[in-house]
Amino acid sequence: MERIMNAEKEIKPIFEKIEEMELQNTRKVLEAFQENQLSEMHFSSTTGYGYNDIGRDTIEKIYARVFKCEDALVRSQFISGTHALTVTLFALLRPGDTLLSISGTPYDTLHEVIGIKENKSSLKSFGVHYEEIDLKENDFDYDQIAETLKNKKIKVIEIQRSKGYSTRKSLSLDKVAKVISLIKKISPQTIIMVDNCYCEFVSGKEPTEVGADIVVGSLIKNLGGGIAPNGAYAVGRKDLIELVAERLTVPGEGKEVGPSLGMNKSILQGLYLAPSVVASSLKVAVLTAKVLENMGYLVEPRAEEERVDIVQNIIFHDADKLIRYVQGVQKGSPVDSHVLALPWDMPGYDNQVIMASGSFTQGSSIEFSCDGPIREPYIAYQQGSLTYSYGKLGLLKAIQNLDCNDEKNMI
Ligand SMILES: *Cc1c(COP(=O)(O)O)cnc(C)c1O
């Protein structure tokens with residue numbers, strides 16, 4: 001505990017900045033609730049087709065207000081962030097169109113969706129072309145992007161802000177704003193889609209405020225606040241949200257259908273808590289960085305660095321240490337703390353992955369959780385914590401497990 005207390009003293013000024021951001025985003029949410037006159041009747045629910053679901057419709061107005069954009073689709077019928085991204089891509093692209101990723105290879109679970117990895121239901125199988133431009137020194141390759149847009153018709157550009165299972169840095173809103181203004185200048189008709197997973201409420205602005213046409217994220221990450229039991233969102237231009245809604249449900253029915261099945265109150269309460277839960281997650285991430293850094297490990301981002309998302313990397317360069325740390329996180333969790341986490345072949349991922357997620361909601365990574373692919377350089381990706389104290393105690397278990405060399409946890 002002493003190592004944690006010492007680190008805490010060093011990072012006090014960073015916590016104050018996180019609290020300022022928490023207040024700013026709390027105000028944003030509160031104003032959205034008030035402007036839309038949120039009432040008890042909105043906690044009601046529909047079944048069956050889900051016509052006239054005033055709670056669901058109000059949630060979508062509130063999301064549009066929070067993101068300062070025209071429209072939103074917030075649904076439990078999206079089974080994950082990947083599903084929302086998939087539905088969005090299939091909604092926007094037609095045979096012969098080109099999708100361009102400008103943040104390198106997208107998140108692992110999108111490989112079969114796009115057709116980077118063979119799949120008979122991929123976008124590629126429908127005749128959608130795909131190209132990508134790698135990042136350059138942790139920033140966009142502005143020259144290459146400009147060159148490509150001048151020479152080719154690009155229908156959709158994808159920007160992934162959080163690093164996913166890569167070793168790059170996550171992309172700040174300033175960089176996203178800069179690249180969007182470049183794209184709009186050269187090719188105003190290109191649709192810019194942002195994968196916003198893990199980035200919501202980390203800064204004071206969202207990508208829709210700097211020109212992104214459509215933004216997508218998961219409700220079992222930041223904006224669900226640990227309360228939403230599943231679901232995802234897409235927000236942005238009204239004409240694009242309509243296309244996404246018609247792909248999720250039915251052409252001609254779109255947003256009008258989709259029962260909320262008792263989830264409206266949870267989605268609202270989750271959004272209500274999200275600014276505070278994101279702040280707790282950030283504090284745990286900064287604390288983790290400082291403690292592990294003091295113990296001599298390589299961390300990314302460093303404790304003092306400005307943050308773009310809630311993910312903290314620890315680069316172990318050692319498979320045993322990675323496994324030991326992740327197992328420690330599991331031991332420090334509220335649910336399944338007695339279960340030993342082991343590497344497994346997870347669907348949608350190329351390498352074996354070890355995951356600690358002793359969470360109330362399955363796979364929820366806004367709750368204290370940690371995972372890592374078993375490959376060089378053996379990085380732990382830790383994120384979330386519904387409160388600061390739970391994360392602190394979880395971290396304590398993780399570093400104790402890391403120190404504990406005689407324990408035979410290995411496979
Ligand atoms: C989590 C995540 C996704 C979506 O993952 P799901 O587990 O399907 O919700 C997509 N992109 C990034 C960068 C992510 O972190």
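Helices are DSSP runs of at least four residues, numbered from the N terminus.

**Figure 1. Shell around the ligand in the predicted model.** Helix H4, residues 81-92, gives the most to this shell, with 3 residues. The residues surrounding the ligand are Ser80, Gly81, Thr82, Leu85, Tyr107, Gln160, Asp195, Cys197, Tyr198, Ser218 and Lys221. By class, the shell is made up of 4 nonpolar, 5 polar and 2 charged residues.

**Figure 2. Polar contacts of the ligand with Ser80, Gly81 and Thr82.** An N or O atom in the side chain of Thr82 is 2.5 Å from an oxygen atom of the ligand. At Gly81, a polar backbone atom is 2.8 Å from a ligand oxygen. For Ser80, the distance from an N or O atom of the side chain to an oxygen atom of the ligand is 3.4 Å. On its own the ligand has 380 Å² of accessible area, and the protein covers 89% of this.

**Figure 3. The ligand in the largest pocket.** The pocket that holds the ligand is the largest one. Among the residues surrounding the ligand here are Tyr107, Gln160, Asp195 and Lys221.

**Figure 4. Lining of the largest cavity.** The structure has 2 cavities of 30 Å³ or more, and the volume of the largest is about 70 Å³. Its lining consists of Arg56, Ile59, Val74, Arg75, Ser76, Gln77, Gly258, Pro259, Ser260, Met263, Asn264 and Ile267. At least two lining residues come from each of helix H3 (54-66), strand E1 (71-75) and helix H9 (264-294). Sorted by class, the lining of the largest cavity has 5 nonpolar, 5 polar and 2 charged residues.

Notes
Residues numbered from 1 in each chain as written. Predicted model: local features only at pLDDT ≥ 70, side-chain atom pairs only at ≥ 80, totals over all residues. Heavy atoms only, no water. Near = heavy atom within 4 Å. Polar contact = N/O pair within 3.5 Å; in protein donor to acceptor, adjacent residues only side chain to side chain. Areas by Shrake-Rupley, 256 points an atom, 1.4 Å probe, with all protein chains shown as cover. 1 Å grid on protein atoms, 1.4 Å probe; cavity = no way out; pocket = protein on both sides within 12 Å on 5 of 7 lines; lining within 4 Å. Sits in = over half its atoms within 2 Å of the grid points. Nonpolar A, V, L, I, M, F, W, Y, C, P; charged D, E, K, R; others polar. Points joined across faces, edges and corners; volume = space filled by probe spheres on them.
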